[in-house]
Amino acid sequence: MERGCGDREEKLTEQSREAASGSSSITNPNYCGPEDEDSPGVRVQQMQCVDEGNMVIVYCNTDYLFSCSGAIRLLQVLLSLCCLLSVVTCDGLDGGDFLSLPKSWPLRLLVFVIVWTSLTGLCLWGVRVTGADQMLPISWWLVDFILYSIFSLSYLVSTSLLANYIEHLKLIENSLPGDLITKFLISVVLGYLCVLLYGLTALVGYRRWRIQCHLFKRRKLLESEDFLEVL
């Protein structure tokens, strides 16, 4: 009896050892490190498994940064800021700023247009440079066509109103600062240059969008022809 009990205890201890060794050999499906942990010279690193479908890669698109389109967009912002600088540095009546001038609402409109277009243009330029435009499945050429057409029209209206406002200031009997008309004329010239540059970007966006639509229709036509041949 004692010998039988001893054999049972030995069998139970052997089974427990086998179970322990078997449980240690179970692989973890979430482990990304080396398989052999006991081998000398192997450095175990804990790595995080990342789903590649949910990754967002942000990089510097140097091709677009040094391209003609990227340079024109930066030139647009630079000219807009120069136009803003020439407006806000004007002196008004009795030592005030440009907002103290009579009927200065065309100046307010031009300042609003400059700030709005400059900030939006810089955001779109940053989206293209960082490659964030690949995240959204939209036609960026169509976005350029719509937005930059609105920008060009806004500059055309606001600059034309400023040119008309200059003629109104010349009829005022009160004494005006000597460089006021000169700075406003510089703003008008820079505003019309912005009209041309923003209009050029809108035209390029329209042409690229039309080419993109033509290629998409052609690909759909070829796919339908291949499908009919299979049938």
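Trainee: In what order do the elements of this chain run from the N terminus on?

Mentor: They run α-α-α-α-α-α, which makes six helices and zero strands, where a helix is a DSSP run of H or I with at least four residues, a strand is a run of E with at least two, and numbering starts at the N terminus. Bear in mind that this is a predicted model, in which local features need pLDDT of at least 70 and side-chain atom pairs count only at pLDDT 80 or more, while totals for chains, interfaces and linings use all residues. Residues are numbered from 1 along each chain as its sequence is written, and side-chain values use heavy atoms, with hydrogens and water left out.

Trainee: Why is Asp144 called buried?

Mentor: The relative accessible area of Asp144 is 1%, and buried means under 20%, exposed over 50%, and partly exposed in between (1.4 Å probe, protein chains only), so Asp144 falls in the buried class. By that criterion Arg73, at 3%, is buried, and Arg128, at 8%, is buried too. Across the 231 residues of the chain, 27% count as buried.

Trainee: What makes Asp144 and Arg73 a salt bridge?

Mentor: The term requires a side-chain nitrogen of Lys or Arg within 4 Å of a carboxyl oxygen of Asp or Glu; the closest N and O atoms of Asp144 and Arg73 are 2.7 Å apart, and the pair therefore qualifies. Asp144 lies in helix H5 and Arg73 in helix H3, so this salt bridge ties together parts that are 71 residues apart in sequence.

Trainee: How do you know that Asp144 and Arg128 meet in a salt bridge?

Mentor: Their N to O distance is 2.9 Å, which again satisfies the cut-off. Here Asp144 in helix H5 is paired with Arg128 in helix H4, so the parts tied together are 16 residues apart in sequence. Through shared partners, the salt bridges join Arg73, Arg128 and Asp144 into one network, and the structure holds two salt bridges.

Trainee: Which residues does Arg128 touch, once those up to four places away in sequence are not counted?

Mentor: Taking contact as heavy atoms within 4.5 Å, Arg128 touches Asn61, Tyr64, Arg73, Asp133, Trp140, Trp141 and Asp144.

Trainee: What makes a region the largest pocket here, and how much space lies in it?

Mentor: A pocket is an open set of points, on a 1 Å grid over the protein atoms alone, where a 1.4 Å probe fits and protein lies on both sides within 12 Å along at least five of seven lines, and lining residues have an atom within 4 Å of a point. The largest pocket contains about 470 Å³ of space, a volume being the space filled by probe spheres set on the points, which are joined across faces, edges and corners. It is lined by 23 residues, and the closest to its centre are Arg128, Asp133, Trp140, Trp141 and Arg208. Helices H3 (68-88), H5 (140-170) and H6 (180-230) each supply at least two lining residues, with the largest share, six residues, coming from H6.

Trainee: Which residues make up the largest nonpolar core, and which touch the most other members?

Mentor: A nonpolar core is a set of buried Ala, Val, Leu, Ile, Met, Phe, Trp, Tyr and Cys residues joined through side-chain atoms within 4.5 Å. The largest has 32 residues, of which Leu107, Tyr155, Leu162, Tyr165, Leu169 and Phe184 touch the most other members. H3, H4, H5 and H6 each supply at least two of its residues, and H6 gives the largest share, 10 residues. Leaving aside neighbours within four places in sequence, Leu107 is in contact with Val87, Phe98, Leu101, Leu162, Tyr165 and Phe184.

Trainee: Why is Lys103 called exposed, whereas Thr62 is not?

Mentor: Lys103, in the loop between H3 and H4, has a relative accessible area of 59%, which puts it in the exposed class, whereas Thr62 in helix H2 (residues 62-65) has 40% and therefore counts as partly exposed.

Trainee: What stands out in the phi of Lys103?

Mentor: Phi of Lys103 is near 55 degrees, a positive value in a residue other than glycine. Most residues other than glycine have a negative phi.
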